[in-house]
Every structure is written in C-alpha cells, then in structure tokens.
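Work through the following exercises with the model open beside you. Each task is followed by a solution in steps.

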Amino acid sequence: MDTSKDYTSGFFNFMKKATTPVQTVDTIIERLDAEGFSKLDLNEQWNFSASGKYWLSPYPSMIIAFTIGKSDSLTKSMRIIAAHTDNPAFRIKPNPEVSSEGMLTLNVERYGGPILNTWFDRPLSIAGRIAVKSDEVLKPKVIHLDFQRPILTLPNLAIHMNPGPNQSTEIKVQKEMQPLLTRLMEDEVKDNYLLDLVAKEIGVNAEEILDMDLNVYCCEEGMLVGLKEEFVSCPRIDDLSMVYAAMEALVASDNNSGINIAAFMDNEEVGSMTKQGADSVLLSSILEKIHAGIEGIDQRSECQVKDYFVISADGAHGLHPNYAEKNDITNKPVMNKGITIKISGSRSYASEVETIAAFQQLCNKAGVKYQKFVNHSDQRGGTTLGPLLSKYLPVHVVDVGVPMLAMHSTRELMGKQDFLDSIEVFRTFFQLE
C-alpha cells in the first residue's frame with residue numbers, strides 16, 4: 001500500500017477533475033488508461049485471457065472496470081465493489097437567464113437532497129454535456145465541458161435585512177438558489193447569454209448547440225483539517241471517496257484468481273431508476289457478458305452466482321459531537337475508528353449476518369478497524385446501492401461506508417484514517433484467493 005500522503009493528495013487531485021458524474025467517469029478513464037486497462041464495446045463480442053484488465057462505459061456517467069485473474073480458474077469467483085458517481089447538486093434549467101437590475105442569475109433545480117444553506121457564499125462553477133449538430137439525426141455530437149473556474153456564486157442576504165438564516169427558516173429553491181453569473185454591461189442582453197458563453201468555451205457556433213445538460217458544482221479544493229490533520233474536508237465525499245478508494249484498490253491489487261470488478265453507477269441520489277443506475281438490468285447483463293467472454297463459459301450458472309460477493313460502498317453517518325442523540329444509543333460510528341458496516345431491519349441496507357461476518361473477517365485480514373451502524377429507531381435512514389443490486393443479482397451483499405459528518409453538504413467531512421483503511425480493505429478484498 002502506498003503512503004497516506006500519496007493517497008490523500010491523489011484523492012484531492014482526483015476531486016479537482018471529478019466535478020459531475022460525467023467528468024468523474026472521464027477522470028476514471030484517464031486513470032485506467034494510464035494503468036494499461038483496455039476499452040470494451042458492449043456491442044462487440046468479448047474474449048478474455050488471464051491477467052486482462054478492461055473497462056467499459058455504456059453511458060457517460062457510469063463505468064465498470066475489471067481485471068481477470070492469473071490462474072486457470074478464472075471463474076472461481078466474482079468480487080465486486082459498487083459505488084455511485086452522483087451527488088446532491090443543482091441542474092441548470094433550459095432558458096436559464098434571469099436578470100434584475102443588470103445582475104444576471106441562472107434558473108436551477110435541485111438534484112437529490114443537498115443541504116441548501118451550505119451552498120451560499122461559495123465559489124461555484126459549471127460542468128456537464130453539450131449536444132451539438134451532427135450528420136446523423138439520431139446521434140448528435142456530445143461534448144463534455146467543465147469551466148474549471150469559479151464563474152458563479154450564491155450570495156447570502158445580509159443578516160440586517162433577513163434574520164431568518166439564524167432562525168432555521170425554509171429556503172425556497174426557485175427564488176433564493178439562483179446563482180449569480182455576472183453583471184451585464186450596458187450593451188449586453190441576457191437572452192442566450194449562457195448559450196453564447198458555452199459556445200465560446202467549446203469552440204462552436206451557438207447555432208450548432210441543440211441542448212445542454214449542465215450542473216452547478218462547488219469548485220473549492222479538498223484539504224486536511226483538524227489539529228493533527230486527521231480529517232478530510234472536501235466537496236462530494238459522498239460518494240466519490242468510495243469511488244476513488246475502489247478505483248485505487250482495483251489498480252493496486254494483484255489478482256491471482258477470479259474476476260475483480262469496480263462498478264460505478266449513476267443517479268443513486270434520485271433513486272437509481274435509470275438505465276445507468278443500479279435499479280436496472282445493466283450490471284447483471286454486463287456480468288453475464290463477462291462470463292460469456294471467458295473460454296468455456298457460455299452463461300452464468302447458479303453455482304457461479306453463489307460465488308459472487310458484492311461490497312456496496314457508500315457514505316455512512318458518523319456521530320456528530322453536538323447531536324449525539326441523533327444516533328442509535330449503542331451503535332454510533334465515530335470518525336477514524338473504523339470503516340462502518342451498515343445494517344437495517346427494514347432492509348434499506350442489504351447487509352445480513354453472513355455478509356456482515358464475512359466483512360468483519362476481511363477487515364481483520366486487512367488489519368483495519370470496523371464499526372457498525374444502525375439507524376436511530378425513531379428516525380428513517382437513507383438508502384443505497386446494496387438492496388438494488390441484490391434485486392437483480394441473487395448474491396451476497398454487504399453495505400459499508402466511511403463514517404462522515406455533514407453528509408449532503410457542499411463540503412463534507414470524513415476521517416483520514418478511515419479513508420485510507422477503506423482503500424486497504426478493498427485492496428485486500430480484490431486479492432483474496
């Protein structure tokens with residue numbers, strides 16, 4: 001395993017580029033290509049050999065990468081880590097320009113469940129996809145765009161004019177969450193302002209642009225905080241910390257047998273019910289095709305399915321020192337005391353006794369600590385990928401995550417040691433015989 005400095009600085013560099021799901025996948029591809037992974041096409045026939053490394057991205061906001069073991073028993077097992085590429089944010093609506101006294105703001109809608117008040121007074125930017133005209137009617141050309149600089153901000157109203165922020169008043173997205181783009185000059189007009197700006201940024205004529213799928217993101221950089229620099233503060237920790245951990249573990253692991261898979265799906269924050277989300281047949285179909293690409297295996301058998309093990313990796317709720325009563329009275333994970341196994345009697349997490357015990361043994365083998373999380377009995381918890389994956393794959397699944405604070409805030413907080421331990425336990429998982 002590399003040093004903590006390598007992984008934390010590597011994570012911060014990763015996060016500078018991983019600003020929206022599309023840009024996250026682009027960044028992962030760049031990393032995999034540098035490590036000698038080969039691109040696959042879902043529409044072509046696959047033929048694999050021992051020690052092969054591959055990736056495919058059927059849709060631009062999700063990606064699956066995998067390695068084939070060195071030994072002859074290639075189908076002995078499938079070890080899968082699943083995480084998601086999206087995070088709570090804001091999506092720019094069509095015709096977004098709103099002008100008041102020459103101040104130009106953008107009309108947005110929320111994506112997922114962001115903590116709204118944490119978005120105020122931050123440097124914000126825009127990234128996403130642009131569809132432009134092409135010669136094929138049903139296949140427009142798509143360009144990925146990331147301004148990578150703070151072109152937006154969302155100013156608070158002064159406390160003298162509105163004492164509400166200190167009194168927990170409701171924030172109205174339609175009125176109060178329109179980020180400020182610019183001050184229009186006297187000869188400038190608001191109509192198509194963003195369209196013209198995007199066209200200039202990607203080097204096309206505005207008339208060529210057919211549609212835009214753009215998101216607002218916080219462009220602050222991650223950093224270590226705390227007296228001993230024991231915490232990681234960064235935008236989009238949920239769930240890109242687990243994406244990064246799984247990616248690095250896959251790259252670093254020495255696969256001797258079986259198949260190691262890192263599956264990064266989209267749209268978890270809005271229910272996963274999309275073709276690129278976990279609540280679809282996409283992953284199970286790809287797994288069948290992987291088996292079919294191995295000589296002598298025509299289809300997935302029941303025996304092979306039982307040899308699958310899935311780690312669903314997503315953020316976990318850590319104990320907040322100012323709100324300890326929000327946690328369960330006996331199961332309250334604390335940052336830097338271990339990766340967290342998430343358990344729910346309502347099955348909002350897929351962990352069960354066999355998979356919980358298996359993950360505990362995995363942590364012991366990796367030499368890392370673990371904790372357990374169960375929701376406070378009077379509070380409804382969140383959901384994650386695990387139950388959705390087991391809906392399509394009758395396999396062993398455990399839900400885990402790094403305990404964190406400020407989940408769904410513009411900046412979230414996790415323990416540095418927990419983050420490093422997650423990489424180590426994932427690497428150990430991928431190296432099991």
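**Exercise 1. A pair of strands**

Which residue in strand 20 is the bridge partner of Met404?

Solution. The model is a predicted one. Begin with the two strands: strand 19 covers residues 403–405 and strand 20 covers residues 412–415. They run antiparallel and are joined by 2 bridges. Now look across from Met404: its bridge partner in strand 20 is Met414.

**Exercise 2. The sheet around this pair**

Find the order of the strands in the open sheet, and state which strands stand at its edges.

Solution. Step one: the sheet has 5 strands, and their order is 11-12-20-19-15. Step two: the pairing in this sheet is mixed. Step three: strand 11 (223–225) and strand 15 each have a single partner strand, so each of them has one side without a neighbour in the sheet. These two strands therefore stand at the edges.

**Exercise 3. Helices on the sheet**

Which strands of the sheet does helix 5 touch, and which does helix 10 lie across?

Solution. Helix 5 (residues 237–252) packs on the sheet and touches strand 12 (231–234), strand 19 and strand 20. Its direction makes about 40 degrees with that of strand 20. Helix 10 lies across strand 11, strand 12, strand 19 and strand 20. Relative to strand 20, helix 10 runs at about 70 degrees.

**Exercise 4. Helix 10 in detail**

Check the span of helix 10 against the expected value, then decide whether the helix is largely enclosed or not.

Solution. Helix 10 consists of 15 residues, 416–430. At 1.5 Å a residue, the expected span is 21 Å. The C-alpha atoms at its ends are 22 Å apart, which agrees with the expectation. For the second part, a residue is buried when its relative accessible area is under 20%. In helix 10, 14 of the 15 residues are buried, so the rest of the structure largely encloses this helix.

**Exercise 5. Two helices in contact**

At what angle do the axes of helix 8 and helix 10 cross, and which residues meet?

Solution. Two packed helices are described by the angle and the distance between their axes. The axes of helix 8 (residues 353–366) and helix 10 come within 9 Å and cross at roughly 105 degrees. Helix 8 is therefore roughly perpendicular to helix 10. On the side of helix 8, the residues in contact are Phe359, Leu362, Cys363, Lys365 and Ala366. They meet Glu424, Val425, Thr428 and Phe429 in helix 10. Sorted by class, this contact has 6 nonpolar, 1 polar and 2 charged residues.

**Exercise 6. The partners of strand 10**

How many bridges join strand 7 to strand 10, and how many does strand 5 form with strand 10?

Solution. Strand 7 (residues 124–132) runs antiparallel to strand 10 and is joined to it by 9 bridges. Here Arg129 stands opposite Asp213. Strand 5 (residues 89–100) also pairs with strand 10 in the antiparallel sense, over 2 bridges. In this pairing Arg91 stands opposite Asn215. Strand 10 itself (residues 209–218) is mostly covered, with 7 of its 10 residues buried.

**Exercise 7. Two loop residues**

Where are His320 and Gly226 found?

Solution. His320 is in the loop between strand 15 (316–317) and strand 16 (339–343). With a relative accessible area of 27%, His320 is partly exposed. Its contacts, leaving out residues up to four places away in sequence, are Asn327 and Leu405. Gly226 is in the loop between strand 11 and strand 12. Gly226 is partly exposed, at 39% relative accessibility.

Notes. Residues numbered from 1 in each chain as written. Predicted model: local features only at pLDDT ≥ 70, side-chain atom pairs only at ≥ 80, totals over all residues. Heavy atoms only, no water. Helix = DSSP H or I, 4+ residues; strand = E, 2+ residues; numbered from the N terminus. Expected span 1.5 Å × (residues − 1). Buried < 20%, exposed > 50% of the residue type's maximum accessible area, 1.4 Å probe, protein only. Pairing = 2+ DSSP bridges. Axes fitted to C-alpha atoms, helices over the stretch in contact; angles between N-to-C directions. Parallel < 35°, antiparallel > 145°, perpendicular 65-115°, else oblique. Contact = heavy atoms within 4.5 Å. Nonpolar A, V, L, I, M, F, W, Y, C, P; charged D, E, K, R; others polar.
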